[in-house]
Amino acid sequence: MNPVSPHAQLDWDDQGRPRSRVFDDVYFSDQSGLDETRYVFLEQNHLQQRFAALPVGGRLVIGETGFGTGLNFLCAWQLFDQHAVSGARLHFVSVEKYPLSHADLQRALALWPELKPWAEQLLAQYVAIHQGFQRLVLDNGRVTLTLLIGDALEQLPQLDAQIDAWFLDGFAPAKNPDMWTAELFAELARLAAPGSTISTFTSTGWVRRLINAAGFKMKRTPGIGHKWEILRGEFLGWPAETPAPAAIKPWFARPPAFNGERRALVIGGGLAGCASAASLAARGWQVSLLERHAGLAEEASGNPQGVLYLKLSAHGTALSQMIVSGFGHTRRLLEQLQRGVDWDGCGVLQLAFNAKEAERQAQLAQAFAPDLLHLLDKDQAQVRAGIVLQTGGLFFPEGGWVHPPALCQWQATQPGVELLAHRDVLQLRKVDDHWQAWDGETLLASAPVVVLAGAADVTRFAACAELPLKRIRGQITRLPQTAASAALSSVVCAEGYVAPARLGEHTLGASFDFKSQDLTPTAAEHAGNLALLHEISPDLVQRLHADALPAEDLEGRAAFRCTSPDYLPIVGPLADSAPFADTYAALRKDARHVPQAPCPWLDGLYVNSGHGSRGLITAPLCGELLAAWLHDEPLPLPRSVAEACHPNRFAVRALVRSNVNTPAR
């Protein structure tokens, strides 16, 4: 993974219009950018009529090459607002190699006062826009913007979506020939829904021929302003003479689209359950959130402060991609909450506490853009943290701490979500097309769709019994703020972490215990946490008078993290394990053979679990991933990452592995 120049390099003309330095081209016409956008992209794709025809619960998916200033997106959103019924939804997916900085985007959009109501919402959510897939949820979930940050030919092949209308934008073919290629047009065709339309401002003959060769039928049509002609067309189908795109393995393919009544049960009221409930409610579902305790976030999601900490790899692994996308999504959600009480974007400093960690940090600083993370020497780190430190480290300027119960509470109070407390679901039964949740002899609730989000307790249900989830006990210590400890101004981590005070109290943690099943806080683990604090900063130990605090008098709480063997969450539709093993038994003999039989899904049953100590970063985006599986929507993550998180990965591995030790005959 190469670090990208994080933002577009712009020059501004004397009328305040942006121009790309890299491509030496304008972002929009000097005649009237709005008129051109509306004519070339909205009219040629018949969007007014298509928006007006959407039913309640219907949606349209627009794909775009070149997000630029977001002008096309905002015009489409404005038109959608004017013509679509309130229960319809707009999905907009756009790829952008050089995203504008927030300040540049604000300056560019100020040129269009009539778009201000939509531009303001975009700008409020335009934070933490980093490499890869970045999902923005707008207008209470009515509009979803998925930005693919990076080169179009690296990002689009990872997209799993069905695009109804393509905006082929980007700088002119003469200025940016890398984007106007047969490879790109093949991706547009792969992603095109039946009857998909396409339009572009260019009418260059070789561009038209290449798009036609990919399976579209393009027509020249009169242009606007100084454009004599433009191109518009529709998708006829994948060309017969071109090899078909690789098929998705059937155990990772999408289950049949759900067309029933939009009611769901979500079992578990922590971060994963509340996120799942909120993502479904945003799509018009009625969700019953069943929680066995008296309220939300009573277990691992109940700590007073969790850290938005990014444990990344320089090698672009599935986990790293998930973390960068999930971090951005959570960071944008937090803008809805009260800063200083519910969360604080104070930054996170990861100390280079030994040579190996310093080397790892140096690699990360080479692999990622500096607005996501950068190295600080010891003096710079001390200024950032406000306390004396023994080393420098890696600083995440957009990181910080979160009060997880506040995030859960906000999600669970979205319209359409009903909390059912004191409901301990012990068994699920399928009756006709409904799943029933039972506690012994008591029927608690029923619905056509169930999401199991109760961390390691999902394994009590037969459908999840074989998922390899394990519990790891963690204990945090609460330390009263002192006049001197108020100087701590960012989260600081080494083997443990300490956060600036929330409501007069610092959170220090967290222990890892793989054996204990007892959640009573222990003095020994408080003492262990104080030892972690000594490693972070002896100066902070003094400021907190921590050595004078007897471990047995300290306050804290313990909870179980729930993790999977590959540290990725487990999110997606569930299959019926016995028929699954029969259907794909051929994998026992030949791991490369892919039987094309459809997967035996358990219709309407989904899981969202295994978030480990990263739930703040992964659970909210996994709520969106789950809703995308259920709704046949564009996935908010690369296809390969969604597959790496899929519950079926373990069953497939088990079948393949069963072949390894078979003695030769």
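Analyst: Two residues are in contact when they have heavy atoms within 4.5 Å. Keep that in mind for what follows, and note that this is a predicted model.

User: How do I read a helix that is partly covered? Which residues of helix α5 are buried?

Analyst: The general idea comes first. An α-helix has 3.6 residues a turn, so residues three or four places apart point the same way. In this structure, helix α5 spans residues 116–125, and its buried residues are Trp 118, Ala 119, Leu 122, Leu 123 and Gln 125. These residues lie on the same side of α5, because the arc they cover around the axis is only 165°.

User: What covers the buried residues of α5?

Analyst: The cover includes three helices, α3 (71–83), α4 (102–109) and α10 (318–333), along with the strands β6 (132–138) and β7 (143–149).

User: Take α3 from that list. At what angle do α3 and α5 pack?

Analyst: For a pair of helices, look at the angle, the distance between axes and the handedness. Here the angle is about 120° and the axes of α3 and α5 are 9 Å apart. Angles of 65 to 115 degrees count as roughly perpendicular and those over 145 as roughly antiparallel, so α3 is oblique to α5. The crossing of α3 past α5 is right-handed. On the α3 side, the contact is made by Phe 73, Leu 74, Trp 77, Gln 78 and Asp 81. On the α5 side, Trp 118, Ala 119, Gln 121 and Leu 122 take part.

User: Now the cysteines. How many disulfides does the structure hold?

Analyst: A disulfide needs a pair of cysteine sulfur atoms within 2.5 Å. The structure holds zero disulfides. Cys 464 shows why: the closest cysteine sulfur, in Cys 562, is 10 Å from its own, which is too far for a bond. Cys 493 is in no disulfide either, as the nearest cysteine sulfur, that of Cys 346, is 10.0 Å away.

User: Is Cys 464 buried or exposed? And what about Cys 493?

Analyst: The cut-off for buried is under 20% relative accessible area. Cys 464 is buried at 0%, and Cys 493 counts as buried at 4%.

User: One last residue. Where does Leu 280 lie, and what is it in contact with beyond its sequence neighbours?

Analyst: Leu 280 lies in helix α9, residues 271–281, and counts as buried because its relative accessibility is 2%. Apart from neighbours within four places in sequence, Leu 280 is in contact with Ala 264, Trp 285, Val 287, Val 451, Ala 627 and Leu 630. From C-alpha to C-alpha, Leu 280 and Val 266 are 9.9 Å apart in space and 14 residues apart in sequence.

Conventions:
Residues are numbered from 1 along each chain as its sequence is written. This is a predicted model: local features need pLDDT of at least 70, side-chain atom pairs count only at pLDDT 80 or more; totals for chains, interfaces and linings use all residues. Side-chain values use heavy atoms; hydrogens and water are left out. Buried means under 20% relative accessible area, exposed over 50%, partly exposed in between (1.4 Å probe, protein chains only). Helices (H or I, at least four residues) and strands (E, at least two) are DSSP runs, numbered from the N terminus. The arc is that of the directions from the helix axis to the C-beta atoms. Axes are lines fitted to C-alpha atoms, for helices over the stretch in contact, and angles run from 0 to 180 degrees between N-to-C directions. Angles under 35 degrees count as roughly parallel, over 145 as roughly antiparallel, 65 to 115 as roughly perpendicular and the rest as oblique. A crossing is left-handed if the near helix is turned anticlockwise from the far one by less than a right angle, and right-handed if clockwise.
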